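User: Hello! I am new to this structure and would like to understand the labels people put on its parts. Could you take me through them?

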Amino acid sequence: MPLPTLAWTGDAATGHLVLLDQTRLPLEVHQHDCRRLEDVVESIRSLRVRGAPAIGVAAAYGVVIGLQPFREVPREDFDRHLAEVTATLADSRPTAVNLAWALSRSTRCADDRQELDSASILDRLLEEAAAIQDEDRNTCQAIGRHGAELMPRGAGVLTHCNAGALATAGYGTALGVIRAAVESGKNLRVLADETRPFLQGARLTAWELWKDDIDVHVIADNMSGS
C-alpha cells in the first residue's frame, strides 16, 4: 500500500485525521484531511472511508476531533458534548458494527476516568483511538498468518467486494490471508469480482493487490460461477 488507509497527525488538542480517499481510487490517489467532526461524518457517509474496521478506527479519531473545541470546558460539560459527538457519529452509518463498538469504547474510556479534567481526557481518548487502530492492524496480521497456512501453493482465489487494507487499519482480513501467503512464498492467482454497483472489487481490491505485485484479474460478477 503506497499510503495508509488512515492516519492521525499531531496531538489531541490540534491534530487531525488523514484518510486515503477511496472514492477517487484507482485513478487518483488523494489524501483527505478531516479537521472537523462534520468532515469525519461526511467521509463515512460518502464512502471515503469504508469497511467496518476502518470505519471504527475513523470514528474513534472522530470523537477526538469533535471534542477539540471543548478541551477547556468543565468536565461535566465535556461529558455532555461527548454524548452529542458519539450520537452524531453513530448516525453516520447505523449498520456498521465496529462503529458502535468503537464509540462505546471511547465513552467507556472517559467514564472510567472521572477524576481527570477535560484536556487530560481528550489526550486519553486519542490514546484509545490509536490503540484501536493498532489492535485492528495486529488482528489482521494474525488472521493473515494463520490463514496463509491453509492456502495451497498455486491456488486460485475468488474475492468479492473489498476486505483488504483499505477496509481495515492495514493489511486486511481476507486480503491479509492472500498477502501473508504470497509473502511466505506461495504463488496465488486472484480473480476479483467487480462487485457492482460500487465496484469495490474492480476499483479497490484489484488496485491493492496490483500495488503489492500479486497476480490479480478482474472478472464480471456473473462470471464467478464458472
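User: What makes the meeting of the Glu 194 and Arg 196 side chains a salt bridge?

Analyst: Happy to help! First, this is a predicted model, in which local features need pLDDT of at least 70 and side-chain atom pairs count only at pLDDT 80 or more, while totals for chains, interfaces and linings use all residues. Residues are numbered from 1 along each chain as its sequence is written, and side-chain values use heavy atoms, with hydrogens and water left out. Now to your pair: a salt bridge is a side-chain nitrogen of Lys or Arg within 4 Å of a carboxyl oxygen of Asp or Glu. Glu 194 and Arg 196 meet at 3.0 Å, N to O, so the pair fits that rule.

User: Why is Glu 194 called buried or exposed?

Analyst: The label depends on relative accessible area: buried means under 20%, exposed over 50%, and partly exposed in between (1.4 Å probe, protein chains only). Glu 194 has 13% relative accessibility, so the label is buried. Its partner Arg 196 has 60%, so that residue counts as exposed.

User: Where is Glu 194 found, and which residues is Glu 194 in contact with?

Analyst: Glu 194 is in the loop between β5 (189-193) and α7 (200-211). Such labels follow DSSP runs, numbered from the N terminus: helices are H or I with at least four residues, strands are E with at least two. Contact means heavy atoms within 4.5 Å. Leaving aside neighbours within four places in sequence, the contacts of Glu 194 include Leu 199, Gln 200, Val 218 and Asp 221.

User: How many salt bridges does the structure hold?

Analyst: There are 20 salt bridges in the structure. One of them joins Arg 113 and Glu 115, whose closest N and O atoms are 2.6 Å apart. Arg 113 is partly exposed at 32%, and Glu 115 is exposed at 55%. A network of salt bridges also links Asp 21, Arg 24, Glu 28, Glu 42 and Arg 48.

User: What makes Arg 124 and Glu 128 a salt bridge, and where do they lie?

Analyst: Their closest N and O atoms are 3.6 Å apart, and that is within the 4 Å limit. Both residues lie in helix α5 (residues 118-148), four residues apart, about one turn of the helix. Arg 124 is partly exposed, with a relative accessible area of 22%, whereas Glu 128 is buried at 13%.

User: How do you know that Trp 8 and Tyr 61 are stacked?

Analyst: Rings of Phe, Tyr and Trp (its six-membered ring) pair if their centres lie within 6.5 Å; planes under 30 degrees apart count as stacked, over 60 as edge-to-face and the rest as tilted. The count by this rule is one aromatic pair. Trp 8 and Tyr 61 are 5.3 Å apart centre to centre, with 15 degrees between the planes, and the pair is stacked. Trp 8 belongs to strand β1 and Tyr 61 to helix α2, so the pair ties together parts that are 53 residues apart in sequence. Both Trp 8 and Tyr 61 are buried.

User: What is meant by a nonpolar core, and which residues touch the most other members of the largest one?

Analyst: A nonpolar core is a set of buried Ala, Val, Leu, Ile, Met, Phe, Trp, Tyr and Cys residues joined through side-chain atoms within 4.5 Å. The largest has 39 residues, and Leu 17, Leu 67, Leu 89 and Leu 125 touch the most other members. Elements giving two or more residues to this core include β1 (6-9), β2 (16-20), α2 (52-67) and α5. Helix α2 gives the most, with eleven residues. A second, separate core of 18 residues includes Val 177, Val 190, Ala 192 and Leu 209.

User: What makes α2 mostly covered, and how does its reach compare with the expected span?

Analyst: Of the 16 residues in α2, 15 are buried, and the helix is mostly covered. The expected span of a helix is 1.5 Å times one less than its number of residues. Helix α2 reaches 23 Å from its first C-alpha to its last, close to the 22 Å expected.

User: Why is Arg 179 called buried or exposed, and what does its side chain reach?

Analyst: Arg 179 has 4% relative accessibility, so it counts as buried. This residue is in helix α6 (residues 174-183), and its side chain reaches the backbone oxygen of Tyr 171 at 2.7 Å.

Key: Polar contact = N/O pair within 3.5 Å; in protein donor to acceptor, adjacent residues only side chain to side chain.
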